[in-house]
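Thank you all for making time for this. I would like to go through one structure with you, starting from its overall form and ending with its charges and surface patches.

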Amino acid sequence: MVGRAERNKDFVQEMVQNTASRIGNITTIITTAVVDVAREVGELITDGFEMRDAAKKAEQAQQSQVEDSGTQ
């Protein structure tokens with residue numbers, strides 16, 4: 001026969017283990033979300049740099065065409 005103190009100890013132990021496991025799962029979810037958001041923001045910024053560089057190259061190409069047509 002299990003005494004009251006042992007039942008209470010088992011209950012508290014189960015609750016602590018369950019709570020720790022749930023907190024661990026939540027922490028993993030949050031960590032993964034932060035990593036995913038950081039990756040997306042980084043890719044967005046990279047896209048911006050690439051678009052800026054493409055715009056500069058297009059402007060230089062257009063400028064070169066204008067200069068070439070003026071010398072003919």
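Let me begin with accessibility, where buried means under 20% relative accessible area, exposed means over 50%, and partly exposed is whatever lies in between, with a 1.4 Å probe and protein chains only. What you have in front of you is a predicted model, so that local features need pLDDT of at least 70 and side-chain atom pairs count only at pLDDT 80 or more, while totals for chains, interfaces and linings use all residues. Residues are numbered from 1 along each chain as its sequence is written, and side-chain values use heavy atoms, with hydrogens and water left out.

First, the overall form. The protein has one helix and zero strands, these being DSSP runs numbered from the N terminus, with H or I over at least four residues for a helix and E over at least two for a strand. Its radius of gyration is 31 Å, well over the 11 Å that the globule rule gives for 72 residues, so the protein is more spread out than a compact globule; the radius is taken over C-alpha atoms, and the rule is 2.2 Å times the number of residues to the power 0.38. The C-alpha trace spans about 105 × 10 × 5 Å along the principal axes, and buried residues make up 0% of the 72 residues. The accessible surface comes to about 6600 Å², with 59% of it belonging to carbon and sulfur atoms, as computed by the Shrake-Rupley method with a 1.4 Å probe, where for residues only the protein chains shown count as cover.

Now to the charges. Side chains of opposite charge can pair when their charged atoms come close. If a salt bridge is a side-chain nitrogen of Lys or Arg within 4 Å of a carboxyl oxygen of Asp or Glu, how many salt bridges are there? The count comes to three. In one of them K9 meets D10 at 2.8 Å, N to O, with K9 partly exposed at 45% relative accessible area and D10 partly exposed at 35%. In another, D36 and R39 meet at 3.0 Å, and both of these residues lie in helix α1, three residues apart, which is about one turn of the helix. There is also the bridge between D53 and R52, at 3.7 Å, where R52 is partly exposed with a relative accessible area of 43% and D53 is likewise partly exposed, at 35%.

Finally, the surface patches, which are made of residues with over 30% relative accessible area and no salt bridge, like charges being joined within 9 Å and nonpolar side chains (Val, Leu, Ile, Met, Phe, Trp, Tyr) within 5 Å. E40, E43, D47 and E50 gather in a patch of negative charge; of these, E43 is in helix α1, residues 4-70, and is partly exposed at 40%. F11, V12, M15 and V16 make a nonpolar patch of about 390 Å², in which V16, also found in helix α1, counts as exposed at 52% relative accessibility. Where does one patch stand with respect to the other? As one indication, the C-alpha atoms of E43 and M15, 28 residues apart along the chain, are separated by 42 Å.

How values were computed: Lys, Arg positive; Asp, Glu negative; His and termini not counted. Charge placed at Lys NZ, Arg CZ, Asp CG, Glu CD.
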